[in-house]
Amino acid sequence: MLELMVNGRTYSVDVEPEMPLLWVLRDHLGLPGTKYGCGVSICGACTVHVDGEAVRSCTLPVSAVLGKPIVTIEGLSMAGLHRVQQAWIDHQVPQCGYCQTGMIMAATALLAKIAQPTDDDIDRTMTNLCRCGTYARVREAMHALAAGSNAPDTGKT
């Protein structure tokens, strides 16, 4: 049995140590918000926080995270929507939405490190792939968060 700390709770799971964290979260802990996209750590749909860092969980063996706090999209905020989730809604970021949980997790980790990221910071850090091409809206939402507002810029004063 392996013990994991996920979203503030301790879980014991009977899995092989080399099983990817993604499958432990989804199949053994019933946390489906972390998505499977590519299986090779490229797309970022599987992004979670491990010890405060955004990591791709589809290739990360569960044994690598033992004793470290893990946060999934389900645990991002225990009191309603997290401010990044709300900014995503306010700026109408998602289209199909499949990649967005990973995007939100990556954005949250970036904003925790750099409160006012530049476009270069966002481009360098937010390497998640979005087939719908919502990158411009992601940037708008992140800049609004950095400015202390979730409200979209309508161009009207």
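Me: In this model, in which loop is glutamine 92 found?
Reply: The model is a predicted one, and in it glutamine 92 has a positive phi of about 50 degrees although it is not a glycine. As for its place in the chain, glutamine 92 is found in the loop between H2 and H3.

Me: Is glutamine 92 buried or exposed?
Reply: A residue counts as exposed when its relative accessible area is over 50%. The relative accessible area of glutamine 92 is 57%, and therefore glutamine 92 is exposed.

Me: Is threonine 34 buried or exposed?
Reply: Threonine 34 also lies in a loop, the one between H1 and S3, and among the residues that it touches are Leu22, Leu25, Val48 and Ile73. The cut-off for a buried residue is a relative accessible area under 20%. Because its relative accessibility is 2%, threonine 34 counts as buried.

Me: In what order do the five strands of the open sheet stand?
Reply: The edge strands, each of which pairs on one side only, are S2 (9–13) and S4 (53–56). S1 pairs with S2 in the antiparallel sense over five bridges, and S1 pairs with S5 in the parallel sense over two bridges. S3 (residues 47–50) runs antiparallel to S4, and four bridges join them. With mixed pairing, the order of the strands is S2-S1-S5-S3-S4.

Me: Which residues of S1 point to one face and are buried?
Reply: In a regular strand the side chains alternate between the two faces of the sheet. Along S1 the side chains do alternate, and Glu3 and Met5 point to one face and are not buried, while those that point to the other face and are buried are Leu2, Leu4 and Val6.

Me: Which residue in S5 does valine 6 stand opposite?
Reply: Valine 6 belongs to S1, where its side chain is buried, and in S2 its bridge partner is arginine 9. In S5, the residue that stands opposite valine 6 is isoleucine 70.

Me: Which residue in the hairpin of S1 and S2 takes a positive phi?
Reply: S1 and S2 pair in the antiparallel sense, and their hairpin has two residues between the strands. The residue with a positive phi, near 50 degrees, is asparagine 7.

Me: How many Å apart are the end C-alpha atoms of helix H5, and what span should its twelve residues have?
Reply: The helix covers residues 135–146, and the expected span is 1.5 Å times one less than the number of residues, which for the twelve residues of H5 gives 16 Å. The distance between the end C-alpha atoms agrees with this, because they are apart by 16 Å.

Me: Which helices are included in what covers the buried residues of H5?
Reply: The buried residues of H5 are Val138, Ala141, Met142, Ala144, Leu145 and Ala146. What covers them includes helix H2 (83–90), helix H3 (100–113) and helix H4 (119–125).

Me: How many nonpolar residues are there in the contact of H3 with H5?
Reply: The axes of H3 and H5 come within 12 Å and cross at roughly 35 degrees, and the crossing is right-handed. H3 contributes Met103, Ala107, Leu110 and Leu111 to the contact, while H5 contributes Tyr135, Val138, Met142 and Leu145. None of these residues is polar and none is charged, and the number of nonpolar residues is eight.

Technical notes
Residues numbered from 1 in each chain as written. Predicted model: local features only at pLDDT ≥ 70, side-chain atom pairs only at ≥ 80, totals over all residues. Heavy atoms only, no water. Buried < 20%, exposed > 50% of the residue type's maximum accessible area, 1.4 Å probe, protein only. Contact = heavy atoms within 4.5 Å. Pairing = 2+ DSSP bridges. Axes fitted to C-alpha atoms, helices over the stretch in contact; angles between N-to-C directions. Left-handed = near helix turned anticlockwise from the far one by under 90°. Nonpolar A, V, L, I, M, F, W, Y, C, P; charged D, E, K, R; others polar. Lists of a residue's contacts leave out its neighbours within four places in sequence.
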